[in-house]
Amino acid sequence: GSRQCRLCSPTLVLSYQRYQQKETVSMVHFRSPSKAHRLFLLLLLPASLAFSPAALSIHSFVSAQPTSSSTSLCSASNTAPTIPMWAQHEISITASSRGCHLITSEVNKAIQKDIASMKIGMANLFIQHTSASLTINENADPDVRRDMEVALNKICPGQWTKDGTFHHTMEGEDDMPGHVKSSLMGVSLNIPIKNGRLALGTWQGIYLNEHRDQGGWGGGHTRRIIITLQGQS
C-alpha cells in the first residue's frame with residue numbers, strides 16, 4: 001500500500017483495500033494542513049476489521065465548523081488591549097574616583113514615579129560615554145567593586161600606553177585602556193520590570209564603572225545615563 005499527502009487536492013480520500021489477507025491503506029489527500037489531526041482518527045481503524053475486498057472510499061470530506069466554545073472564547077474578549085507606557089529619564093552621576101561605583105539607589109530615585117504603575121516591562125540603561133561602562137554585580141561587599149577594578153587593570157594595563165602597544169594616547173595613560181574596558185563591560189543594561197520595581201536579585205546592584213583618572217580633557221567624571229522604561233499596568 002502507499003500513503004500520500006498532497007496539499008493541492010481539493011478532496012480527501014481514504015481507501016481501504018484488502019488483497020490476500022494483506023490490508024493496505026491508501027491515504028489521504030487534503031487541501032489544508034489544519035485538517036490533518038482529523039485524519040488521525042481514521043488511521044486508527046484496526047487492520048483486523050473485516051471489510052469487503054472492494055475499496056471503501058470517503059469523498060469530499062468536509063471539516064467541522066468551529067465549535068460554539070471556541071467561538072465564544074474568541075468573542076468574549078471585548079476589552080481593548082492595554083497600551084504600553086513609555087518614560088525616559090536622564091541622570092548625571094559624578095564618580096568620586098576611577099573604579100566601580102554602586103548607583104542602584106540613584107537609578108531607583110529617578111524612575112520611582114513612573115515605574116510604580118508598571119506591572120510588567122523592561123528598563124534600559126544607556127551610558128553616553130566611551131571610557132565608562134555599566135554592569136550588574138555584587139551589591140553588598142565593597143571588596144567586590146575594588147577587586148573588579150584590579151581585574152580590569154590586569155586585563156588591560158595602562159603600561160600598554162607607554163610601551164607602544166597603543167597608538168591612541170593623546171589623552172593620557174588611562175585613555176585607550178578606558179576605551180577597551182568600556183567595550184568589555186558594555187554601555188547598556190536591560191533589566192526586567194516586575195510589579196512596579198526593577199527585578200534585580202537580592203545581591204545584584206547596578207555599577208557605574210569609571211575607567212578614567214581625569215575624565216578626558218580635564219572634564220571630570222560626570223557621566224550621563226539615559227534610562228528608558230516601557231511597560232504595562
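Where is the place of Gln 112?

**View 1. Gln 112 sits in helix 3 of a predicted model**. The place of Gln 112 is in helix 3. Gln 112 is partly exposed, and its relative accessible area is 49%. Exposed would need over 50%, and buried would need under 20%, so Gln 112 falls in between. Gly 196 is 84 residues away from Gln 112 in sequence. In space the two C-alpha atoms are 8.4 Å apart. Helix 3 itself lies across strand 4, strand 6, strand 8, strand 9 and strand 11. The helix runs at about 160° to strand 4.

**View 2. The whole chain, for orientation.** The predicted chain has 6 helices and 11 strands. Of its 233 residues, 32% count as buried. Consider the contacts between residues at least 6 apart in sequence: 76% of these join residues at least 24 apart.

**View 3. An open sheet of 5 strands**. The strand order is 4-11-6-8-9, and the pairing is antiparallel. Strand 4 and strand 9 (197–198) stand at the edges. Each has a single partner strand, so one side of each lacks a neighbour in the sheet. Strand 4 and strand 11 are joined by 10 bridges, in the antiparallel sense. Here Glu 90 has Ile 226 of strand 11 as its bridge partner.

**View 4. Strand 6 and its two faces**. Which residues of strand 6 point to one face and are buried? They are Gly 121, Ala 123, Leu 125 and Ile 127. Ile 120, Met 122, Asn 124 and Phe 126 point to the other face and are not buried. Such alternation between the two faces of the sheet is what a regular strand shows. Strand 6 is joined to strand 8 by 7 bridges, and the two run antiparallel. In that pairing, the bridge partner of Phe 126 is Ser 188 in strand 8. Strand 6 also runs antiparallel to strand 11, with 8 bridges between them. There Ile 127 stands opposite Ile 225.

**View 5. The largest nonpolar core**. This core has 23 residues. Which of them touch the most other members? They are Val 107, Leu 125, Leu 198, Ile 206, Ile 225 and Leu 229. Several elements each supply at least two core residues. One of them is helix 3 (104–115). The strands are strand 4 (85–94), strand 6 (120–127), strand 7 (132–138), strand 8 (188–194), strand 10 (204–210) and strand 11 (222–232). Leu 125 is one of the buried residues of strand 6.

**View 6. The surroundings of Ile 225**. Residues up to four places away in sequence are left out here. Ile 225 touches His 89, Glu 90, Ile 91 and Ile 93, among others. The list also includes Ile 103 and Leu 134. Leu 125, Phe 126 and Ile 127 are touched too. Ile 127 also stands opposite Ile 225 across the pairing with strand 11.

**View 7. An open sheet of 3 strands**. The order is 5-10-7, with antiparallel pairing. Strand 5 (99–102) and strand 7 are the edge strands, each pairing on one side only. Neighbouring strands are turned by 35° against each other on average, direction ignored. Strand 7 and strand 10 run antiparallel and are joined by 7 bridges. Asn 137 has Gly 205 of strand 10 as its bridge partner. Helix 4 packs on this sheet and touches strand 5, strand 7 and strand 10. The direction of helix 4 makes about 150° with that of strand 5.

**View 8. Asn 209 in strand 10**. Is Asn 209 buried or exposed? Asn 209 is buried, with a relative accessible area of 0%. Neighbours within four places in sequence are set aside in what follows. Asn 209 contacts Gly 99, Cys 100, Ala 132, Ser 133, Leu 134, Thr 135 and Met 185.

**View 9. Helix 4 against helix 6**. Helix 4 (residues 142–155) and helix 6 (residues 175–185) pack at an angle of about 115°. Their axes are 10 Å apart. The crossing is right-handed. Helix 4 brings Met 148, Leu 152, Asn 153 and Ile 155 to the contact. Helix 6 meets them with Lys 181, Leu 184 and Met 185. By class, this contact has 5 nonpolar, 1 polar and 1 charged residues. Met 185 also appears among the contacts of Asn 209.

Note on methods: Residues are numbered from 1 along each chain as its sequence is written. This is a predicted model: local features need pLDDT of at least 70, side-chain atom pairs count only at pLDDT 80 or more; totals for chains, interfaces and linings use all residues. Side-chain values use heavy atoms; hydrogens and water are left out. Axes are lines fitted to C-alpha atoms, for helices over the stretch in contact, and angles run from 0 to 180 degrees between N-to-C directions. Helices (H or I, at least four residues) and strands (E, at least two) are DSSP runs, numbered from the N terminus. A crossing is left-handed if the near helix is turned anticlockwise from the far one by less than a right angle, and right-handed if clockwise. Contact means heavy atoms within 4.5 Å. Ala, Val, Leu, Ile, Met, Phe, Trp, Tyr, Cys and Pro count as nonpolar, Asp, Glu, Lys and Arg as charged, and the others, Gly among them, as polar. A nonpolar core is a set of buried Ala, Val, Leu, Ile, Met, Phe, Trp, Tyr and Cys residues joined through side-chain atoms within 4.5 Å. Buried means under 20% relative accessible area, exposed over 50%, partly exposed in between (1.4 Å probe, protein chains only). Two strands pair if DSSP finds at least two bridges between them.
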